[in-house]
Amino acid sequence: MKNLDYQQQNFVRRLISVFLAVIICVSVMSGAVFASGNQEKTVTISLSGDEFYFAPETLTVSSDLAYQYGYENEDDGQVSILDALIAVHKILLSDGFTVNTAKDYLDINSGFITKILGVDASASSFFVNGVQPNDGVINPLYGSYTGYTADKSYLKDNDDVRIFLYQDKSFWSDVFSWFDKTNVTAAPNQEVNLNLSGYVSFFGCYPQETIEANTEAISDIKILSGTDKYDLKDTGIVTDNNGNFTLSFETPGKYFISAESYSDDFTYIVLPWCEVTVEEENGNGFAVSTEAPVVVSASPSRMYL
């Protein structure tokens, strides 16, 4: 730099310093991405139609499943709905779900789900935490957000993922429904009060205020319950005009509550879910007593749709 004056030398030194800083920053970022590899997210997942094919269960899902089973060319490092669906198929089909057979049971086209458990699933959808995953930007053409496809709908820890096949395959009018409580602890014979509400799933990609404006109580729906997730029985109870109902359990244990998938007036619902733990009460609160057995089967009658 001997041919440069002081100001020029100083400028060059600063330029070199900035250049080196950029190189270091890029290197660190690249190293971080490389080091992170695939991610894992712990989420609650269910798959349903007119009944649960996979009742709500908490799973840890890896972001590389779609890549492992040949649905993507590379692992994008984020856990998607597609990864979650693969995890469900692995559990339900066990050794029958392999790299070579995967697309016989689960397939997508441009990110859209076309097959689930070996049957046509073009009339299907998925909600995460009560809405369809979307970009949050109003499309003036539709007045709604633009939804994400299964491979680009990314999940976070503790997300509630509900994947379902439409029962109304003509108008896709199924009502996305839920109980006002998903986990309850009660004493034997104590009344458990629940409410069933929902909105037509068409509004799943609309702003929250639109969803709330279209959310209503769901009446005249039969309530199901039992200790086997895949064999819930009719309780003889139906929701009233405000969507309310009450039930109780005599024996300590864990019970599952859902609902009939349709009413007499042809209202189809996406199945809701609640778990009730019945415990004996002592002076310090609840204490577990002898429990009714919790039965968890592999949905044998619905291994294939």
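**View 1. Strand β12 (residues 222–226) and strand β15 (residues 253–259) are joined in the antiparallel sense by four bridges.** Helices (H or I, at least four residues) and strands (E, at least two) are DSSP runs numbered from the N terminus, and two strands pair if DSSP finds at least two bridges between them. The model is a predicted one, in which local features need pLDDT of at least 70 and side-chain atom pairs count only at pLDDT 80 or more, while totals for chains, interfaces and linings use all residues. Residues are numbered from 1 along each chain as its sequence is written, and side-chain values use heavy atoms, with hydrogens and water left out. Within the pairing of β12 and β15, I223 has A259 of β15 as its bridge partner. Strand β15 is also joined to strand β17 (residues 274–278), by five bridges and in an antiparallel arrangement, and here K254 has T277 of β17 as its bridge partner. Six of the seven residues of β15 are buried, and the strand is mostly covered; buried means under 20% relative accessible area, exposed means over 50%, and partly exposed lies in between (1.4 Å probe, protein chains only).

**View 2. Strand β8 (residues 175–179) is largely enclosed by the rest of the structure, because four of its five residues are buried.** Five bridges join β8 to strand β10 (residues 192–200), and these two strands run antiparallel. A further two bridges join β8 to strand β16 (residues 269–270), this time with the strands running parallel. The residue to look for is V175, whose bridge partner in β10 is V200 and whose bridge partner in β16 is I269. As background to such views, the side chains in a regular strand alternate between the two faces of the sheet.

**View 3. Strands β3, β4 and β5 form an open sheet in the order β3-β4-β5, with antiparallel pairing.** The edge strands are β3 (107–109) and β5 (119–120), each of which pairs on one side only. Three bridges link β3 to strand β4 (residues 112–116) in the antiparallel sense, and the bridge partner of N109 in β4 is F112.

**View 4. The largest pocket encloses about 740 Å³ of space.** Among its 28 lining residues, the closest to the pocket centre are F112, S125, Q132, W172 and C205. The elements that give two or more residues to the lining are β4 and β6 (124–128). A pocket here is an open set of points on a 1 Å grid over the protein atoms alone, where a 1.4 Å probe fits and protein lies on both sides within 12 Å along at least five of seven lines, and lining residues have an atom within 4 Å of a point.

**View 5. F127, F164, Y166, W172, F176, W178 and Y199 form one aromatic cluster.** Rings of Phe, Tyr and Trp (its six-membered ring) pair if their centres lie within 6.5 Å, and planes under 30 degrees apart count as stacked, over 60 as edge-to-face and the rest as tilted. By this rule the count comes to 17 aromatic pairs. One of them is the edge-to-face pair of F164 and Y166, with 5.2 Å from centre to centre and 70° between the planes. Both partners are buried, F164 having a relative accessible area of 1% and Y166 one of 5%.

**View 6. D240 lies in the loop between β13 (233–238) and β14 (244–247).** This residue is partly exposed, with a relative accessible area of 34%. D240 and I218 are 22 residues apart in sequence, and their C-alpha atoms are 8.1 Å apart in space. When neighbours within four places in sequence are left aside, D240 is in contact (heavy atoms within 4.5 Å) with I218, S219 and D220.

**View 7. S94 and N189 are shown for their backbone angles, S94 having a phi near 50° and N189 a phi near 70°.** Most residues other than glycine have a negative phi. S94 belongs to the loop between α3 (81–93) and α4 (102–105) and is partly exposed, with a relative accessible area of 44%. N189 is placed in the loop between β9 (183–186) and β10, and N189 counts as exposed, with a relative accessible area of 51%.

How values were computed. Points joined across faces, edges and corners; volume = space filled by probe spheres on them.
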